[in-house]
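Good morning, colleagues. I would like to take a few minutes to walk through the packing of one structure. Please have the sequence and the model in view.

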Amino acid sequence: MTQSPIAYLVPLSPNFEENASTPKLHLSNGHNTIGRNDISVSDKRLSRNHLSLTVTQTSSTITVEGTNPVVVVKSGNKRRRLRTGEKEEIVNDDIIELIPGNYVEMENGGPPRNFEEAIKDFVVSEDELGLTFRLLRVKELPAWANTSCVSINDVIKGDILVAILSNYMVDMDWLLSACPTIAKVPNVMVIHGEGDGTLEHMKRRKPANWILHKPRLPISFGTHHSKAMFLVYPQGVRIIVHTANLIFVDWNNKSQGLWMQDFPWKEEEPGKGCGFENDLVDYLSMLKWPEFTVKLPNLGSISINASFFKKFDYSNAVVRLIASVPGYHTGANLRKWGHMKLQSVLQECTFDNEFKRCPLVYQFSSLGSLDEKWMTELVTSMSSGYAEDKTPLGLGEPQIIWPTVEDVRCSLEGYAAGNAIPSPLKNVEKGFLKKYWAKWKASHTGRCWFLLTSSNLSKAAWGALQKNNSQLMIRSYELGVLFLPSSIKRYGSGFSCTSNGGPSMDNCGSLAGSEELRTKLVTLKWQRTSNLASKVILFPVPYELPPEPYSSEDVPWSWDRRYSKKDVYGQVWPRTVQLYTSQD
């Protein structure tokens, strides 16, 4: 006999009003399970038994069984996040939030506050685009989670004369269909890292006017891994540095990062460049692409080579470029690339005393074959710089944000997401790494510097010192942008290649009426503690910092291990594929 309900869960609409089109969930006396079969959501991470509710005539207790979505209970003005296995007593009018996902409330409740409510305030104005990085829009996330996120058509737009697209993987069919604008650009070059099989397909599918170029890889096991775009307009150039391959899943299913800034043409002939310009031209020179000639307004026929990019004014660049190129770098080139370049830039910086001994937090999608000696080498470079009291900054032990098996299993793509985290067991299970593993969670804090880069955690990407530290060996091409707290022009990033308006420019190419302003880099949930004479720049880091260390139950993901526990699509890992043959 079916038990009579003694309580209800009331579904809420995306506007946090009672959703009359969805029936209430009946709660019977005793144990009740709530999951995907009970709540209609597009988010496949919601398991079939995500929550359990023990209900009696006098009390109700919720227990979290699943990992994702996150469960938050709002009771009055208090909100508490529940982790797997945790319990919470709930009463009438309490609200249960599934983040991201739908919401349900105990009868007669009001609208819930968003768990990541701070992201609602992260709205980047057109004249401040260069000051921060953006996350790519993820199709399966709710609108609030995609605040100020971008798609490929948000960055590749306008009257583009020349486009240089740099990447590792390129799906030509997807690119042309997802971004119609790029197909109309008269001059396009794709710098890629694809193998021969994919390259043949790219040659067949590309427009006739496109040029394909794979940079030379002089050292084995290297790749062209840099992800960037260089778009030339009648007004100037747009430079975009990001972390996504030019494939569907990277631009639709993953929280990738992207930075872009527009720069005007120089008023005078190219002279001595700033740090950003010199680093950019040095890097582009190493790609050695085949020069091609285009006709540009007011310039006529001109060769597109690395030196061409000296024609733009980068004096208002708000980042520094940190690049890697393959080779054995010695002498003056020792500190030009990889982690030694990062070290040289940081050593010129002064940071607030509060950042002394703060942890280094790494997040990346691939883990190379590391050893403790090299980790110490990398940490030494990244701990460079000085505090205000003139002593070395000396950052603390690194924390490596790396997905657990449960993170992958319960992700939007289930185990399939593990294809983009290609690290074998022999790399992941090295004993010295255990003290570094961490998850995305924890308290709120500011950052002293931030690096958005294509580099994964590997010697191939960052370089390894050799010959008594007199030589740096790098295998791959990488590119990143370093954000530093520094004095910038208040409106220094306001120039736009695609906007009709914008701040006025003086004869020197700088913005009229600009002023120096100290910047402070913080994460989204940073709390102001005093009136600061500085520009606070919010970074949309998609987790709180510092991260939480692994528990004894957490297992780091490796893609060559077998996982029998089914993911949100009912699949195991590796997937089994049945082959069929026809009989004549």
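**Cores, a helix and a sheet**

The largest nonpolar core comprises 55 residues, and those with the most contacts inside it are Ile239, Trp259, Trp289 and Phe309. Helix H6, residues 275–287, gives the most to this core, contributing 6 residues. I should say at once that this is a predicted model.

Let us take Phe309 as an example. Neighbours within four places in sequence left aside, Phe309 is in contact with Ile164, Phe230, Val237, Leu280, Leu284, Trp289 and Tyr314. Apart from this core lies another, of 45 residues, with Val345, Cys358, Leu370 and Trp437 among them.

I turn now to helix H8, residues 372–382. Which residues of H8 are buried? They are Trp374, Met375, Glu377, Leu378, Val379, Ser381 and Met382. The elements covering them include helix H7 (338–346), strand E23 (360–363), strand E25 (398–401), helix H11 (459–462) and strand E29 (464–466). At the N-terminal end of H8, Asp371 acts as a cap, with a side-chain oxygen 3.2 Å from the backbone nitrogen of Lys373.

Next, the sheet. It is open and mixed, with 4 strands in the order E23-E25-E26-E35. E23 and strand E35 (548–549) stand at the edges with a single partner strand each, so one side of each has no neighbour in the sheet. Strand E26, residues 437–439, runs antiparallel to E35 and is joined to it by 2 bridges; Lys439 has Glu548 in E35 as its bridge partner. H8 packs on this sheet, touching E23 and E25, and its direction makes about 115 degrees with that of E23.

Thank you for your attention.

Notes:
Residues are numbered from 1 along each chain as its sequence is written. This is a predicted model: local features need pLDDT of at least 70, side-chain atom pairs count only at pLDDT 80 or more; totals for chains, interfaces and linings use all residues. Side-chain values use heavy atoms; hydrogens and water are left out. A nonpolar core is a set of buried Ala, Val, Leu, Ile, Met, Phe, Trp, Tyr and Cys residues joined through side-chain atoms within 4.5 Å. Buried means under 20% relative accessible area, exposed over 50%, partly exposed in between (1.4 Å probe, protein chains only). Contact means heavy atoms within 4.5 Å. A polar contact is a pair of N or O atoms within 3.5 Å; within protein, one must be able to donate a hydrogen and the other to accept it, and residues adjacent in sequence count only if both atoms are side-chain atoms. Two strands pair if DSSP finds at least two bridges between them. Axes are lines fitted to C-alpha atoms, for helices over the stretch in contact, and angles run from 0 to 180 degrees between N-to-C directions.
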